[in-house]
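Biologist: Please show me the model. I have some questions about it.

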Amino acid sequence: MTTRHVEHEITVAVPARTVYSLIAEVGNWPRIFPPTLHVDQLERGPDHERIRIWATANGEAKTWTSLRTLTPAELRITFRQEVSTPPVAAMGGTWIIEPLTSTTARVRLLHDYRAIDDDPASLAWIDKAVDSNSRSELAALRDNVELAHSAADLTFSFEDSVRISGSAKDAYDFVNEAGRWAERLPHVASVHFAEDTPGLQTLAMETRAKDGSTHTTKSYRVTFPHHRIAYKQVTLPPLMSLHTGCWTFTETGGAVTATSGHTVVLNPGNITRVLGPAAGIAEARTYVRSALSTNSRATLGYAKDYAENRG
């Protein structure tokens, strides 16, 4: 069997231990790595963990489970896919963070992998995916950790919730069936929806804003019936450089709390173009939060009506 070994690296203007911490905490990954859609921590020990990752590779959404060993004293993290997704037969590697100065670090990303049946076309596909993802991951890691150091006010999170006198399944079903949103939600002008792999959805929408204008977004969604739908937008409005979110449905006291949560990173280069020369970060935060909350609350309201009228 042919095992390929490749290495990519980048220099980051952030202390090495800060970089290590960001990579070690998998909840950060959808924010710092463009291909990563969602990560779930399945098991956790003192120096190891088992995680499930949903990510894009060459424009296709994939999922796999990895085992990681964390060595903070050496600023090193090794990983090995537990069950790889075809055409990958096996995949593993190592993150190595090396201090250069007190404020800079070299990040090395090593991979080793094999293709199913040693197929040359499959190996070429993996070569391309690993190279593309590694380059984008390292560039995004550099940009995002440096941005986090210099402009924490660009990133913010918030939630909207509604109480529903119905079942979590019915409320979940309304949000899960996004292919029907154009007929169910007034602010959705059109929808292109696909779920080729159960639990992994692609959702492209044309959405109407309060001023009557429309914008198109594309998201990948990961579903966990009947309590959670996590998503990451990959086509974004100009004021955002990142938008991740999660719909949750929690049954408490005979009712359901349905929540729409968002994490946003603003794109400061577009603020004055979109909102005018007098606008700054504060105005952009207010505008984005209002726009997202308006749509979330509308969707939650219709989900509430749907669930409460199912009985």
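Biologist: Is helix α4 largely enclosed or exposed?
Modeller: This is a predicted model, where local features need pLDDT of at least 70, side-chain atom pairs count only at pLDDT 80 or more, and totals for chains, interfaces and linings use all residues. Residues are numbered from 1 along each chain as its sequence is written, and side-chain values use heavy atoms, without hydrogens and water. Helices are DSSP runs (H or I, at least four residues), numbered from the N terminus. Eight of the nine residues of α4 are buried (under 20% relative accessible area, 1.4 Å probe, protein chains only), so α4 is largely enclosed.

Biologist: At what angle do the axes of α4 and α7 cross?
Modeller: Axes are lines fitted to C-alpha atoms, for helices over the stretch in contact, and angles run from 0 to 180 degrees between N-to-C directions. The axes of α4 (residues 168-176) and α7 (residues 281-308) come within 8 Å. They cross at roughly 130 degrees.

Biologist: Which residues of α4 meet α7?
Modeller: Contact means heavy atoms within 4.5 Å. On the α7 side are Thr 299, Tyr 302, Ala 303, Tyr 306 and Ala 307. On the α4 side are Asp 170, Ala 171 and Phe 174.

Biologist: How far apart are the closest N and O atoms of Asp 131 and Arg 135?
Modeller: The two form a salt bridge, meaning a side-chain nitrogen of Lys or Arg within 4 Å of a carboxyl oxygen of Asp or Glu. Being four residues apart in helix α3, they are separated by about one helical turn. Their closest N and O atoms are 3.0 Å apart.

Notes. Helix = DSSP H or I, 4+ residues; strand = E, 2+ residues; numbered from the N terminus. Buried < 20%, exposed > 50% of the residue type's maximum accessible area, 1.4 Å probe, protein only.
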